Amino acid sequence: MSKFLALSLIFLIIIIIVLPAALVRGCSFAPVPAPRIDRSPIESPAGEINIRVYRHDLNEIVELPLEEYLVGVVAAEMPASFGQEALKAQAVVARTYTVNQMIHYGGPGCSVNPGADICTISGHCQAWETEEDSLGKWPAADAAAHLNKIRQAVRDTAGKVITYDGKLIDAVFHSTCGGQTEDSEKVWSTAMPYLRGVACTYCEGTRWWLTEQKLSSAKFATNILPYVTAVPVSSAGRPLLEAASRSDSGRVLTLRVAGESVRGRDFRSAMGLPSTNFTWKIDGEQITFTSRGYGHGVGLCQYGADGQAKAGKTYEEIISYYYTGIEMGTLSPWQ
Ligand SMILES: [Zn+2]
Ligand SMILES: [Zn+2]
């Protein structure tokens with residue numbers, strides 16, 4: 001190869017690769033400053049309160065300031081993109097639930113972790129995540145702003161709790177009611193005066209408003225087996241299903257599967273349905289469930305809370321909407 005050719009090649013490489021790379025790098029020299037995380041302490045009118053949290057990930061009990069713990073609960077329980085007043089409502093609901101659990105305030109603590117007020121298992125006590133987990137799950141560009149929103153929601157409601165008749169309420173909540181929340185006794189055994197079903201159209205059209213699940217007859221038979229004595233298919237191989245009773249909100253209380261009675265909530269968990277408010281259609285070997293909402297349907301509807309926040313409602317209005325006859329209170333100081 002001639003010297004001229006070699007030199008031309010080097011020149012070409014510079015023009016095609018090195019120069020554009022240098023230019024691009026040169027252009028990216030002014031990074032957009034990310035919003036700063038506001039980690040200033042969250043002060044409560046009730047003073048400094050510490051909670052003993054059993055951290056499932058560490059397999060140990062850690063002591064945290066209550067309001068800081070609540071930041072991790074709100075981040076784990078509600079999308080940070082929700083309206084600010086919905087996040088504030090969630091913070092008050094989580095605080096009420098948490099304080100009800102605390103041994104110091106006469107609560108039972110976490111029943112499976114002696115010495116802990118609460119654990120981080122969502123199916124047992126209440127979901128919670130570390131700040132690192134929260135920042136990691138959000139898109140990097142939104143992470144700081146999301147955390148600031150949640151910290152502000154906790155800060156703006158610090159020490160606030162929900163009471164009925166002077167006592168803290170059992171502040172249950174769910175994702176999406178699907179049009180009507182449920183009376184507590186239709187889901188559990190106790191009728192609570194503040195857990196009454198209310199109409200809610202604020203969650204209309206959101207992710208879990210109406211969903212569909214398809215199952216084969218064979219899969220249906222396998223799933224229902226733990227709840228019945230015989231495989232419930234007709235001679236034609238079709239599931240035998242009939243609704244026995246529904247609540248006023250439309251949720252299935254019991255249904256009959258090949259003549260045997262199965263509770264709506266058991267049927268929901270057997271089939272993996274988002275709620276007990278479902279209908280079905282049997283088409284040959286396939287059964288299609290159409291479900292309304294997601295969750296048990298009692299207390300605050302989270303997607304509804306977001307709808308109300310976006311419609312300009314305050315967190316107090318949102319809370320009073322879903323918990324009948326309650327009052328807002330401030331936590332008594334730690335003594
Ligand atoms: Zn627990
Ligand atoms: Zn709703």
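1. Two strands count as paired here if DSSP finds at least two bridges between them. That definition is needed for the sheet in the next points. A word of caution as well: this is a predicted model.

2. Start with the sheet. Three strands make it up, in the order E8-E9-E10. The sheet is open, and its pairing is antiparallel. In general, the strands of a sheet pair through backbone hydrogen bonds, either parallel or antiparallel. Which strands form the edges here? They are strand E8 (241–246) and strand E10 (260–263), each of which pairs on one side only. From one strand to the next, the twist averages 30°.

3. Now the E8 and E9 pairing. Strand E9 covers residues 252–257. E8 and E9 are joined by 5 bridges in the antiparallel sense. One bridge is easy to look up: Arg246 has Val252, in E9, as its bridge partner.

4. A helix belongs in this picture too. Helix H8, residues 264–271, lies across E8, E9 and E10. How does H8 run relative to E10? The angle between H8 and E10 is about 80°.

5. Next, the zinc ion written as ligand 1. Which residues supply its protein donors? They are Cys110, Cys119 and Cys125, each through SG, and His124 through ND1. These donors lie 2.1 to 2.4 Å from the ion. The site is tetrahedral, with angles of 107 to 113° among its 4 donor atoms. As a general reference, the ideal angle for four tetrahedral donors is 109.5 degrees.

6. The sequence spacing of the ligand 1 donors is C-x8-C-x4-H-C. Cys110 and His124 link distant parts of the chain, 14 residues apart. Cys110 sits in the loop between helix H3 (84–101) and strand E3 (118–119). His124 sits in the loop between E3 and helix H4 (131–137). Are these two residues buried or exposed? Cys110 has 4% relative accessibility, so it counts as buried. His124 is partly exposed because its relative accessible area is 33%.

7. The zinc ion written as ligand 2 has a donor set made of cysteines: Cys177, Cys200, Cys203 and Cys301, each through SG. They lie 2.3 to 2.4 Å from the ion. Why is this site called tetrahedral? Because its 4 donor atoms subtend angles of 102 to 117° around the ion. The cut-off requires all angles to lie between 85 and 135 degrees. The donor spacing in sequence is C-x22-C-x2-C-x97-C. Cys200 and Cys203 are both buried.

8. On to charges. How many salt bridges does the structure hold? The count is 15. One of them joins Arg155 to Asp38, with the closest N and O atoms 3.6 Å apart. Arg155 lies in helix H5 (residues 140–156) and Asp38 in the loop between helix H1 (3–27) and strand E1 (50–55), so this bridge ties together parts that are 117 residues apart in sequence. Asp38 has 29% relative accessibility and therefore counts as partly exposed.

9. A second bridge connects two strands. Arg52 and Glu63 form it, their closest N and O atoms being 3.7 Å apart. Arg52 belongs to strand E1 and Glu63 to strand E2 (residues 60–65), so the pair ties together parts 11 residues apart in sequence. Arg52 is partly exposed at 35% relative accessibility. Glu63 is exposed, because its relative accessible area is 51%.

10. A third bridge has a different setting: Glu182 and Arg251 are both buried. Their side chains meet at 3.9 Å, N to O. Glu182 is in the loop between strand E6 (173–174) and helix H6 (184–187), and Arg251 is in the loop between E8 and E9, so the pair ties together parts 69 residues apart in sequence. There is also a network of salt bridges, linking Asp183, Glu185, Lys186 and Arg196.

11. Last, a proline worth finding on screen. Where is Pro193? It is in the loop between H6 and strand E7 (210–216). Its relative accessible area is 41%, so Pro193 is partly exposed. Pro193 and Tyr323 are 130 residues apart in sequence, yet 8.9 Å apart in space, C-alpha to C-alpha. Leaving aside residues up to four places away in sequence, Pro193 touches Tyr164 and Thr324.

Notes
Residues are numbered from 1 along each chain as its sequence is written. Chains are lettered from A and ligands numbered from 1 in the order in which they are written. This is a predicted model: local features need pLDDT of at least 70, side-chain atom pairs count only at pLDDT 80 or more; totals for chains, interfaces and linings use all residues. Side-chain values use heavy atoms; hydrogens and water are left out. Donors are N, O and S atoms within 2.8 Å of the metal (3.2 Å for Na, K and Ca); water is not among the atoms, so sites may look incomplete. Four donors count as tetrahedral if all angles lie between 85 and 135 degrees; four count as square planar and six as octahedral if opposite donors are over 155 degrees apart and all others between 65 and 115; anything else is irregular. Helices (H or I, at least four residues) and strands (E, at least two) are DSSP runs, numbered from the N terminus. Buried means under 20% relative accessible area, exposed over 50%, partly exposed in between (1.4 Å probe, protein chains only). Axes are lines fitted to C-alpha atoms, for helices over the stretch in contact, and angles run from 0 to 180 degrees between N-to-C directions. Contact means heavy atoms within 4.5 Å. A salt bridge is a side-chain nitrogen of Lys or Arg within 4 Å of a carboxyl oxygen of Asp or Glu.
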